[in-house]
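This report describes selected features of one protein structure, one topic at a time. Please keep the sequence and the structure in view while reading.

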Amino acid sequence: MSGNNITRVASDDGSFATRSLHESSSRCDSGHGGATRLSVDLVTAARRHVSFLRSFATSPVLHHAPTVARAIRRYDQLWMPLIAELAQAAPPSAPPMLLPPPDVHWVWYCHCLDPAGSYREYCTLRFGALVDRPLIIDDENEEYAYNRCREVWAVRYPSEPFDLEVDSAEDGEASGKCEDHLSAVVARYRTLYSFFCDPFVSETVYLVAARRRYSSFLHLSRRSIEDGMLRMVVTSDIFLIWLTHQSYPRSYAKDIEDRGDPARVTVCFGDRATAEEAKETVRAWEEALDEPYERAGAVLDPAASPSRVYFNWETAEADVNRSYKGLQPRFLLEVRIFLKGKWEEREDKHLTKNFLRLRTIRCNREMKLNEPVHDLSSETWHKTWHLYCEFGTRGIVIEVRRRGSNCLINSKLITKLVFLWNDLLRATTLMLKKELEMQVRALASITPPVQAPYLLKCVPDRVTDDGGAMISDVVLRMNRYHPQQGRWLSRTVLDHAKRECFVIRIR
């Protein structure tokens, strides 16, 4: 487990505006409330979205300029006329179940995200209607959509191969206004996957919490549009759900019709946000919802997050130990603890002697993180601790303690709060708020636990004979602890929980 004290962030008390925004979000999540309903299953779609971005992370479509130019021409001259024609014959609510070649698909996807709204204008001017992407949420349907498109493509364009072959010696550039604009759009989103490459992002509980926050973001953006004041900066979780929503243009246009497009008041991907814009976004969010804007797994700048250090490992599609059970896996999660309130208002004469202590419920008994109470008063949510814990620790305890008046008593427990990982995972927002004192509240936020690399430790054991029996300490001392012929050195391998995994014997 790793831990360190980090900076502080903010929020406000439960006002009527807070309750109304929470109620709107709840109606949106439950499918009630008319205008608040979203027409796409954004949780399932976001999981497919992350997988889609991962598949293109090293694709030549993103990094080879001549290939990008060819992909744009195939998209503009071949694919869009084809899919627009087929879409006119299909019901408006059910676009054709076809997926274009991967190179074309990436250009199509990027064009749908164009913050200038050019995709909608492009479709309306060229085809008279908005052309939608099909919602495909499982591997079987995706395979069917690609194979079906391959058949249609071969009939319509027999001289044009479906799969684009990359020629490293090829040279050329896109030309024309449409091609130039699309080149800039494709280049804009080339590094998009870097925003969502943390291993917990694809977990369902994370995406459910992100979708709820996105619903609140839509309401807050509408308020900003009406006020004409705030230019918002989105956190990584909201940004993922928003891009997922945008990637289905017809559904997105219908869902935001009465709200106004958030892109009008949001710092879009690739644009630089000022410190003042970020601060104002945090303030507006916390005033509306009484919760921190940034939290565990949801930050304004993912590249600068410590998660990129603690969760930076190569993940395999399947863990071989799930089949053979040779090693016990370990799971890691990010934890952020926030405090809000005024300790001074209690006018406690012992205030200077009081302090907070953070410890884990299980394991790491020596870990005790202390913070003086008089430094923690804040009218906004204040990030007090930022930890990376193993799931086996079960949870954390926040204690209010008072230093003893003599050397025999170190400190006395005044009160404590317990946050269990399982309770936080059951919360749809992955966070819980509890009252620590009359004027002070604590909030814990976590990411879903993800499997971490195995930790093994090799410890020395006694020398054994050929049959594996240990030799006594007397014999070892007589031989000055040197290995003997016909004897074996033993090393016991322990896992992260000090369980014996296996024994290595060396002759």
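## A nonpolar patch on the surface

Phe 502 has a relative accessible area of 37% in this predicted model. That value lies between the cut-offs of 20% and 50%, so Phe 502 counts as partly exposed. The residue belongs to strand E13, which covers residues 500-506.

Phe 502 is also part of a nonpolar patch on the surface, together with Leu 456, Ile 504 and Ile 506. The accessible area of these four residues together is about 330 Å².

## Helix H6 and its two sides

Which residues of helix H6 are buried? In this helix, made of residues 118-127, they are Ser 118, Tyr 119, Tyr 122, Cys 123 and Phe 127. Around the helix axis these residues cover an arc of only 135 degrees, and therefore they lie on the same side of H6.

The face turned away from the buried side carries exposed residues, Glu 121 and Leu 125. Just after the helix comes Gly 128, whose phi is positive, at about 80 degrees.

## Cysteines

How many disulfides does a search of the whole structure find? The result is zero. Cys 112, for example, is in no disulfide. The nearest cysteine sulfur belongs to Cys 123 and is 7.4 Å away. A disulfide requires two cysteine sulfur atoms within 2.5 Å, so this distance does not qualify.

Is Cys 112 buried or exposed? With a relative accessible area of 9%, Cys 112 is buried. Cys 458 has a relative accessible area of 46% and is partly exposed.

## Strands E2 and E5

Strand E5 spans residues 378-390, and 11 of its 13 residues are buried. The strand is therefore largely enclosed by the rest of the structure.

E5 pairs with strand E2, which consists of residues 330-341. The two strands run in the antiparallel sense and are joined over nine bridges. In one of the paired positions, Leu 339 has His 382 in E5 as its bridge partner.

## Salt bridges

A search of the whole structure finds 23 salt bridges. One of the pairs is Glu 142 and Arg 48, whose side chains meet with an N to O distance of 2.3 Å. This pair links distant parts of the chain, since the two residues are 94 residues apart. Glu 142 is in helix H7 (residues 139-156), while Arg 48 is in helix H2 (residues 42-55). Glu 142 has 29% relative accessibility and counts as partly exposed.

Another salt bridge joins Glu 291 to Arg 295, with the closest N and O atoms 2.7 Å apart. Both partners are buried: Glu 291 has 6% relative accessibility, and Arg 295 has a relative accessible area of 4%.

In a further pair, the side chains of Glu 399 and Arg 359 meet at 2.8 Å, N to O. Glu 399 lies in strand E6 (residues 395-403) and Arg 359 in strand E3 (residues 354-360), so this salt bridge ties together parts that are 40 residues apart in sequence. Glu 399 is buried, with a relative accessible area of 4%, whereas Arg 359 counts as partly exposed at 21% relative accessibility. Salt bridges also link Asp 290, Lys 340, Lys 433 and Arg 441 in a network.

## Positive phi angles outside glycine

Cys 363 is not a glycine, but has a positive phi of about 70 degrees. Where is Cys 363 placed? The residue is in the loop between E3 and strand E4 (369-372). Its relative accessible area is 36%, and Cys 363 is partly exposed.

Leu 430 is a residue other than glycine with a positive phi, near 60 degrees. The loop that holds Leu 430 runs between helix H15 (421-426) and strand E8 (431-435). Although Leu 430 is in a loop, the residue is buried, with a relative accessible area of 3%.

Key
Residues are numbered from 1 along each chain as its sequence is written. Side-chain values use heavy atoms; hydrogens and water are left out. Buried means under 20% relative accessible area, exposed over 50%, partly exposed in between (1.4 Å probe, protein chains only). Helices (H or I, at least four residues) and strands (E, at least two) are DSSP runs, numbered from the N terminus. The arc is that of the directions from the helix axis to the C-beta atoms. Patches are made of residues with over 30% relative accessible area and no salt bridge: like charges are joined within 9 Å, nonpolar side chains (Val, Leu, Ile, Met, Phe, Trp, Tyr) within 5 Å. Accessible areas come from the Shrake-Rupley method with a 1.4 Å probe; for residues, only the protein chains shown count as cover. Two strands pair if DSSP finds at least two bridges between them.
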